[in-house]
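Visitor: I should like to understand the reasons behind the terms used for this model. Would you take me through them?

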Amino acid sequence: MNTQTDIEKQREIDLKIFKQPTLSTGKHNEGKCFAGKKFDRKMKFAFVVFEDINPGAGYVMAWIKEQGHDVRLFFDPKQGNRGYAQNKFWARVMDIKDWLIKEMQEFKPDIACFSVLSATYQDGVQFAERVKKEVKDDKGNPVYVVFGGTMPTLVPEIVGENWFIDEVVQGDGVRHYSGKFDPDNLWTERQAFFDELPPEHRHTQLFMTSYGCPYNCTFCGNQQLREVGQYVKMKRTVDGCIKELKYMKDTWGMKNVLFVDDILTLDKKWLMEFLPKYREQVNCDFACFGHVNCLDEEEIAEMAKSNCKTIWLGIQSGCENHRKQILDRPETNEQIIKVSGWIKKYGIKLMVDHISGLPYESDITHELSISLYQQIKADVINVYECLYFPKAKINDYALKCGYLKEEDIYKINRGQHVTYQQGNHGHKYFDKYAKAIVSIPLGGAFWELVPMPLLKLIIHIRAGRGYIANAMVENEIFFTWRAILKKLGLYKNKSKISLKF
C-alpha cells in the first residue's frame, strides 16, 4: 500500500518537479530528497545561461562533465537588456537567439538545461519554447528541456505549467544528477564563461567561501528559501578556498576578488585562520559583504592587513523602527556607527545599501537615513528601489500598504513584474531622495545637479572601484562586437568545460 509520502512523491513527478528539500539546519532532508539521475550512456548537455557568469550552473556543468558527458555552454549576454543598460531597440538589434538555435541544432543535445533567476526567467521560458520546437537530438526527437535555478526552486509548480518544460529541478542541481555538492573538491566551471565574457571578468572574479545566512530579512533570498524548504548552510575549508583562489590567480591573472558570501565575516575563528594564508598565498585586493553583528575591530584590522579594500554593509534604512519592523533587521544605529568607525579607521572603503520604495516609508525615514549616512561617512551609497520576489515576506507588507496588488503577486511569481533596479522608479521617494543620498560621499548640494550615471562613476572611482565601470564599458564593446560576428556567421561556439582540481 502506498504511503502518503509515496503519493506526494508521485504527484511531484507527475508535475515534473524533482525536489531536494532541506531541514531548518540547512542540511538536506535525505528521506525526502530525489535520489538523483544517472545515465547508462554518454549524453550531450546544452546549458543555457543568460547575462552573466553563473556559479550555480557552473557546479552542475563541472559535475556532469566529470561523469564523462559532453557539456557545452550556450550563453546569451542579453545585450541591450542587461541590468544596468536597457534599450529595447538595441536589444532587438543585438539579439543572438537565432545564432544560439543554429549552434544548438548542430550540437544536437539530448538535454537542454536552463538556469534562470527572477530577472532572466521570462527570457528563459520564451527561448525554451523555441528550443523545444526547433532543436532535435541525434535521433530526431525534440530536445529534453530542464529548468533549474532561483525561480524553479521558489515556484516549481508554476514553472512546470509550461508544456515545453519536461523537468523542474527544485534545489541542488548537482544532487539532482546523483552528485554531492562539495565545492572544495568540485570547482565551479569558469573557463566556458570566460570564453563568452570580456577580459575584465578574468581579472575581477566572484568567489564564495560559504552558503547561507543566519538572518531572515524579509526581502532576502535566504528567507524565501526557508519558506520553500530549500535553505542551505555550508562553510568551506580554509585550505580548500586558498587552493582554488590560488589557481584562479595563476590561471587567469585574477587581480580582484569579490567575496559574495552573504556574510564573509560570520565565523570569526574561520576568518582569522583564512586571512593570513590569503595574504601569503593569494594577496589580491578584495571586497566583501559584512554585517555589523558579525564584525569587530580585531577582524577589521586583520582584513585591512590582507588587502580588503571595501566592506559592503546592507543598512537599507536609517530608521531603526522601520528597519526592524518591516525588514526584520535587528541591528541598531549605534552598532552601525561603531562598526563603520572601525572600517574607516583602518582605511577600508565603506559601501552601504539603501532601499527606497519600502512599505510604510516616509519623508522621516529618508531624512533619518541621510543623517545616519552622513554620520558614518560612507564612501559609496547604493540606492535601490525595492524589488519583490516570489515567497518574500515583504510582499505581505507591500500588499497591506497598497504598494502591491494581488495581480502583482501573480506577475511576481512568473517573473513578469519589475525585475531590475533600474526599471522600478514608480514610487515618489526614490525620485525625491535618491540623488541626495547617492551624493552624500561628495558633499554639497551641487552634486545633485550632476546626472546620476556620471555621479555614480565619480563616486566609484574615488572609492577605488573603477574596475567596475571598466567592466561595464568592456561588456558593451565586447558583446556588441561578438554579436556582429555571430550574426554574420563568423563565430562558432567555443565553450570549453574544463576539469581542473
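Guide: The conversation below considers two sheets, a pair of helices, and some empty spaces in turn. The model is predicted.

Visitor: What makes strand E1 and strand E3 edge strands?

Guide: They belong to an open sheet of six strands, whose order is E1-E8-E7-E6-E2-E3 and whose pairing is parallel. Strand E1 (17-19) and strand E3 (70-76) each pair on one side only, and they are therefore the edge strands; a pair requires at least two bridges. From one strand to the next, the twist averages 20°.

Visitor: How do you know that E2 and E3 pair?

Guide: Two strands pair if there are at least two bridges between them. Strand E2 (residues 44-50) is joined to E3 by seven bridges, so the requirement is met, and the two strands run parallel. Within this pair, Val 48 of E2 stands opposite Phe 74 in E3.

Visitor: Which helix lies across E2, E3 and strand E6, and what direction does the helix take against E3?

Guide: Helix H4 (residues 97-107) lies across E2, E3 and strand E6 (111-116). Helix H4 runs at about 170° to E3. Angles over 145 degrees count as roughly antiparallel, so H4 is roughly antiparallel to E3.

Visitor: What is the strand order of the sheet that contains E9?

Guide: The order is E9-E12-E13-E14-E15-E16, in an open sheet of six strands with parallel pairing. Its edge strands are strand E9 (204-207) and strand E16 (380-385), each of which pairs on one side only. Here the twist averages 20° from one strand to the next.

Visitor: Why do E15 and E16 count as a pair?

Guide: Six bridges join strand E15 (residues 349-356) to E16, and a pair needs at least two, so E15 and E16 count as a pair. The two strands run parallel. His 354 has Val 383 in E16 as its bridge partner.

Visitor: What makes H20 roughly antiparallel to E16?

Guide: Helix H20 (residues 428-438) lies across E15 and E16, and its angle to E16 is about 170°. This value falls in the range over 145 degrees, and H20 is therefore roughly antiparallel to E16.

Visitor: Why is H17 called roughly parallel to H20?

Guide: Helix H17 (residues 363-376) packs with H20 at an angle of about 10°, and their axes are 11 Å apart. Angles under 35 degrees count as roughly parallel, which makes H17 roughly parallel to H20. On the side of H17, the contact is made by Asp 363, His 366, Glu 367, Ile 370 and Tyr 373; on the side of H20, by Tyr 429, Lys 432, Tyr 433, Ala 436 and Ile 437. By class, this contact has six nonpolar, one polar and three charged residues.

Visitor: What lines the second largest pocket?

Guide: The second largest pocket has a volume of about 300 Å³. Of the 15 residues that line this pocket, Gly 80, Asn 81, Lys 88, Ala 91 and Arg 92 are the closest to its centre. Helix H3 (residues 88-93) supplies the largest share of the lining, three residues. By class, the lining has three nonpolar, five polar and seven charged residues.

Visitor: How many cavities of 30 Å³ or more does the whole structure have?

Guide: A search finds five. The second largest cavity holds about 60 Å³ of space. Among the residues that line the second largest cavity are Pro 77, Met 94, Phe 478, Phe 479 and Lys 486.

Visitor: What makes Phe 478 one of the nonpolar residues of that lining?

Guide: Phe 478 lines the second largest cavity, and Phe counts as nonpolar, so Phe 478 belongs to the nonpolar class. The lining as a whole has six nonpolar, one polar and three charged residues.

Notes: Residues are numbered from 1 along each chain as its sequence is written. This is a predicted model: local features need pLDDT of at least 70, side-chain atom pairs count only at pLDDT 80 or more; totals for chains, interfaces and linings use all residues. Side-chain values use heavy atoms; hydrogens and water are left out. Helices (H or I, at least four residues) and strands (E, at least two) are DSSP runs, numbered from the N terminus. Axes are lines fitted to C-alpha atoms, for helices over the stretch in contact, and angles run from 0 to 180 degrees between N-to-C directions. Contact means heavy atoms within 4.5 Å. Angles under 35 degrees count as roughly parallel, over 145 as roughly antiparallel, 65 to 115 as roughly perpendicular and the rest as oblique. On a 1 Å grid over the protein atoms alone, a cavity is a set of points where a 1.4 Å probe fits but cannot get out, and a pocket is an open set with protein on both sides within 12 Å along at least five of seven lines; lining residues have an atom within 4 Å of a point. Grid points are joined across faces, edges and corners, and a volume is the space filled by probe spheres set on the points.
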